[in-house]
Amino acid sequence: HLYMQDYGGPVGMRLATAMPERILGLVFQNANCYAEGISQAVADIFLPLWAGRDESGARRMLLADTTRFQYVTGARNPAGLNPDAWTQDQALLDRSGNSDIQLALFRDYQTNVELYDVWQQYFRTFQPKTLVAWGKNDPFFPAAGAEAFRRDLSHLEVHYFDTGHFALEEDAGPIAALINQYF
């Protein structure tokens with residue numbers, strides 16, 4: 001079973017398509033596999049980067065205000081979130097030389113988008129039992145990305161949570177219960 005969130009989606013899908021016989025089930029939590037799951041905000045940041053025109057939007061993704069934004073935007077109770085989450089993330093982002101590594105990852109992300117058709121074919125062919133637990137207020141990967149799984153999977157449950165990109169920050173218990181119940 002693979003649990004995938006954000007960058008974990010492409011990592012998990014590369015593993016699943018390389019070894020489909022080893023996959024018992026999938027959990028997607030704001031990890032995208034469909035074009036309609038890419039928000040305009042993400043397109044505005046990454047399309048210019050991928051075209052080699054402008055990396056300023058990608059560089060803004062590395063700022064402390066943006067890291068905090070990723071956690072609090074869409075959350076039911078932003079004041080109730082533990083700031084250690086984004087503070088720890090930012091400390092790691094701020095390490096010497098890390099901005100170049102992050103920009104390389106951002107540039108490479110387009111290879112994941114190029115694989116969406118392959119991943120969707122994997123869904124149609126192998127029909128892995130799949131649970132989607134989605135923070136419906138995610139500013140990066142909108143609910144349309146969660147709905148798109150319905151096109152290709154018949155052993156599927158989709159659940160929405162009134163939270164943002166990092167749904168586990170507010171809904172770890174309910175999501176864990178869904179996983180236990182579904183699998």
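Begin by selecting helix 1 (residues 8-18) and helix 8 (residues 116-126), which pack at an angle of about 55 degrees with their axes 10 Å apart. That angle makes helix 1 oblique to helix 8, since angles under 35 degrees count as roughly parallel, over 145 as roughly antiparallel, 65 to 115 as roughly perpendicular and the rest as oblique. The model is predicted, with local features needing pLDDT of at least 70 and side-chain atom pairs counting only at pLDDT 80 or more, while totals for chains, interfaces and linings use all residues. Residues are numbered from 1 along each chain as its sequence is written, and side-chain values use heavy atoms, with hydrogens and water left out.

Next, show the side chains where these helices meet: Pro10, Met13, Arg14, Ala16 and Thr17 of helix 1 are in contact (heavy atoms within 4.5 Å) with Val118, Trp119, Tyr122 and Phe123 of helix 8.

Now keep helix 1 alone and colour Gly9, Pro10, Gly12, Met13 and Ala16, which are its buried residues; buried means under 20% relative accessible area, exposed over 50%, and partly exposed in between, with a 1.4 Å probe and protein chains only. Looking down the axis of helix 1, you will find these buried residues within an arc of 165 degrees, so they line one face of the helix. Turn to the face away from the buried side, and select the exposed residues Val11 and Ala18.

To see what the buried residues of helix 1 pack against, add strand 1 (2-5), strand 2 (25-29) and helix 7 (110-114) to helix 8.

Finally, move to Gln5 in strand 1, a residue that is buried, with a relative accessible area of 19%. Leaving aside neighbours within four places in sequence, select Gln29, Asn30, Ala31, His165 and Phe166 to display the contacts of Gln5.

Key. Axes are lines fitted to C-alpha atoms, for helices over the stretch in contact, and angles run from 0 to 180 degrees between N-to-C directions. Helices (H or I, at least four residues) and strands (E, at least two) are DSSP runs, numbered from the N terminus. The arc is that of the directions from the helix axis to the C-beta atoms.
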